[in-house]
Amino acid sequence: MLVLSRKNGEVIKIGEDIEITVIASKGDQVKIGISAPKDIEIFRKEVYEQIMQENRTASADISTFLNLFKKNEKKS
């Protein structure tokens, strides 16, 4: 992990297309702005993890359904 110190208004570049700007800091909170191409999805980690869990659950449900379908096909 790269750790940097930045002041309000200063920017961090990631590659050519992504910029992270420190907007404000107060106490233990930091507001950041992220500029990136529209095709790059940006999520808070906890939201991303929730999406991944929901995808795993949905995928498991589909797998269960497909297995039931395959079992019914074999009976025919």
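This passage describes a surface patch, an aromatic pair and a pocket in a predicted model.

On the surface of the model, a nonpolar patch of about 420 Å² is formed by the side chains of Val 30, Ile 32, Ile 34, Ile 40 and Ile 42. One of these residues, Ile 40, is placed in the loop that runs between β3 (29–35) and α1 (45–75). Ile 40 has a relative accessibility of 35% and therefore counts as partly exposed, since that class lies between the limits of under 20% for buried and over 50% for exposed.

When the whole structure is searched for aromatic pairs, one is found. The pair consists of Phe 43 and Tyr 48, whose rings lie 6.3 Å apart from centre to centre, and with 40 degrees between the planes the arrangement is tilted. Phe 43 counts as partly exposed because its relative accessibility is 38%, and Tyr 48, at 41% relative accessibility, likewise counts as partly exposed.

The largest pocket holds about 150 Å³ of space, and two or more lining residues are given to this pocket by each of the elements β2 (18–26) and β3. The largest share of the lining, three residues, comes from β2. In full, the lining of the largest pocket is made up of Leu 2, Leu 4, Ser 5, Arg 6, Ile 12, Ile 20, Val 22, Ser 25, Val 30 and Ile 32. Val 30 and Ile 32 thus appear both in the nonpolar surface patch and in the lining of the largest pocket.

Key. Residues are numbered from 1 along each chain as its sequence is written. This is a predicted model: local features need pLDDT of at least 70, side-chain atom pairs count only at pLDDT 80 or more; totals for chains, interfaces and linings use all residues. Side-chain values use heavy atoms; hydrogens and water are left out. Patches are made of residues with over 30% relative accessible area and no salt bridge: like charges are joined within 9 Å, nonpolar side chains (Val, Leu, Ile, Met, Phe, Trp, Tyr) within 5 Å. Accessible areas come from the Shrake-Rupley method with a 1.4 Å probe; for residues, only the protein chains shown count as cover. A salt bridge is a side-chain nitrogen of Lys or Arg within 4 Å of a carboxyl oxygen of Asp or Glu. Helices (H or I, at least four residues) and strands (E, at least two) are DSSP runs, numbered from the N terminus. Buried means under 20% relative accessible area, exposed over 50%, partly exposed in between (1.4 Å probe, protein chains only). Rings of Phe, Tyr and Trp (its six-membered ring) pair if their centres lie within 6.5 Å; planes under 30 degrees apart count as stacked, over 60 as edge-to-face and the rest as tilted. On a 1 Å grid over the protein atoms alone, a cavity is a set of points where a 1.4 Å probe fits but cannot get out, and a pocket is an open set with protein on both sides within 12 Å along at least five of seven lines; lining residues have an atom within 4 Å of a point. Grid points are joined across faces, edges and corners, and a volume is the space filled by probe spheres set on the points.
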